[in-house]
Amino acid sequence: MTRQWKVINNACLQFFGKMNASISHEVKNVLAIINENAGLLEDFTLMVEKGMAIDPERLKAMAGKIRHQVQRADRIIRNMNEFAHSVDETRRKVDLGEVVAFMAALSERLATMKGVALEVTPPSRPIAITTNPFLIENIIWRCLDFAMAVAGPGKTVVLTADSGDQGASIIFSQLKGLSDVSPRLQFPENVENALVELLGAQIVINEGMGEIVLGLPEAIE
Amino acid sequence: MRVLLVDDEEELVATLAERLSFRGIDADWATSGEDALRKVETQTYDLAILDVRIPKMSGLKLKKILERKCPAMKFIFMTGHGSEEDFKTGSAEAGAKYYLVKPIDIEELIKKMNEIIQG
């Protein structure tokens with residue numbers, strides 16, 4: 001095991017656990033809503049048995065709500081499945097725009113809990129890079145977590161995948177508080193530095209622009 | 001009995017409030033800590049049922065503020081996690097007896113509500 005892997009080993013497990021805990025929480029909420037709608041349907045059935053009239057439109061609306069929650073759960077579980085499979089290969093070609101959109105979707109609940117909105121600017125064309133899918137998800141999350149702490153509640157963090165002469169990059173922007181960051185919020189720290197080394201990446205903090213730029217190579221070795 | 005339900009899942013609290021009202025319980029709901037604090041400015045509740053994890057302001061922090069504003073108010077926590085971490089936090093703050101894991105059984109909830117109101 002390389003020095004970098006020793007540093008990130010536990011952090012990778014923590015990241016995997018954090019995402020799964022967030023996903024399970026959201027699935028539980030979906031189940032709770034379906035449960036309440038099923039209960040309400042039972043209540044209506046009892047009312048009908050007692051001779052009360054129930055508006056069929058109300059029942060239609062309930063069916064629609066249940067269907068919406070099933071679709072929501074399906075979306076969450078598809079994301080969970082994709083996330084689980086990101087550890088299958090240590091080197092794979094990915095579309096950076098898709099990875100950024102995926103991580104924003106996966107982090108949405110955690111962002112909501114912090115009172116931060118996430119906005120993804122889709123790239124004008126696919127940005128193909130060959131990388132370690134799980135490690136890139138991990139470093140995106142770490143950059144995003146820091147960006148959300150900097151932005152603070154009520155603010156929006158914008159994520160943009162970009163490519164140019166310097167290679168591919170992910171920009172976390174609208175971080176107006178970046179120049180006033182508390183010394184407690186050290187970034188990047190050991191784990192981020194180890195991830196950056198393993199991915200052949202670099203993190204540039206542009207205080208003036210209120211941006212964190214994660215530069216990525218076209219292909220890892 | 002007047003109850004305030006607080007959870008960021010609007011559909012959950014709205015439906016639960018309706019079901020409680022069918023059972024003779026006057027239930028109101030809020031989808032954020034700020035919304036809950038606005039409600040208690042104008043209305044009185046005997047009991048608040050709080051999700052442990054609500055955006056911006058946690059359920060535990062909200063409870064502390066509500067306790068100061070409404071000293072007579074009682075509390076029940078609920079969570080979607082059901083994790084040991086949540087359980088420990090929730091039980092320490094609210095007492096394990098008044099702690100429910102989603103999805104919630106409405107009859108169990110009402111039983112707990114009656115227990116806590118009757119002291």
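This section describes the two chains of a predicted model, beginning with chain A and ending with chain B.

Chain A comprises 221 residues, of which 44% are buried. Its secondary structure consists of 5 helices and 7 strands. In sequence order, these elements follow the pattern α-α-β-α-β-β-α-β-β-α-β-β, so that the chain opens with two helices and closes with two strands. Along the principal axes, the C-alpha atoms of chain A occupy a box of roughly 70 × 40 × 35 Å. Among the contacts of chain A with a separation of 6 or more, 76% join residues that are 24 or more positions apart.

The accessible surface of chain A amounts to about 11600 Å², and 52% of this area is supplied by carbon and sulfur atoms. With respect to charge, the chain carries 22 positive and 27 negative side chains. The centres of these two sets are separated by 4 Å.

Within chain A, Ser107(A) was examined individually. This residue belongs to helix α3, which spans residues 96-113. Ser107(A) has a relative accessible area of 0% and is therefore classed as buried, the cut-off for that class being under 20%. A polar atom of the Ser107(A) side chain lies 2.6 Å from the backbone oxygen of Met103(A). When residues up to four places away in sequence are left aside, Ser107(A) is in contact with Met19(A), Leu118(A), Trp141(A) and Leu144(A).

The cysteines were considered next. Over all chains, the structure contains 0 disulfides. Cys12(A) takes part in no disulfide, and the nearest cysteine sulfur, belonging to Cys143(A), is 14 Å away. Cys143(A) is likewise in no disulfide; for this residue the nearest cysteine sulfur is that of Cys12(A), at 14 Å. Because a disulfide requires the two sulfur atoms to lie within 2.5 Å, the distance of 14 Å rules out such a pair here. Both residues are nevertheless shielded by the protein: Cys12(A) is buried, with a relative accessible area of 8%, and Cys143(A) is buried as well, with a value of 0%.

Chain B comprises 119 residues, and buried residues account for 53% of them. The chain contains 5 helices and 5 strands. From the N terminus on, its elements run β-α-β-α-β-α-β-α-β-α, an alternation that begins with a strand and ends with a helix. Of the contacts in chain B with a separation of 6 or more, 62% are between residues 24 or more positions apart. The accessible surface of chain B comes to about 5300 Å², with carbon and sulfur atoms contributing 48%.

One acidic residue of chain B, Asp51(B), was also examined. Asp51(B) is situated in strand β3, which covers residues 47-51. At a relative accessibility of 0%, Asp51(B) counts as buried, since the class includes values under 20%. Outside the residues up to four places away in sequence, the contacts of Asp51(B) include the consecutively numbered Val6(B), Asp7(B) and Asp8(B). Further along the chain, Asp51(B) touches Gly59(B), and its contacts also include Met78(B), Thr79(B) and Gly80(B), together with Lys102(B).

Definitions and conventions
Residues numbered from 1 in each chain as written. Chains lettered and ligands numbered in written order. Predicted model: local features only at pLDDT ≥ 70, side-chain atom pairs only at ≥ 80, totals over all residues. Heavy atoms only, no water. Helix = DSSP H or I, 4+ residues; strand = E, 2+ residues; numbered from the N terminus. Buried < 20%, exposed > 50% of the residue type's maximum accessible area, 1.4 Å probe, protein only. Polar contact = N/O pair within 3.5 Å; in protein donor to acceptor, adjacent residues only side chain to side chain. Contact = heavy atoms within 4.5 Å. Areas by Shrake-Rupley, 256 points an atom, 1.4 Å probe, with all protein chains shown as cover. Charge placed at Lys NZ, Arg CZ, Asp CG, Glu CD.
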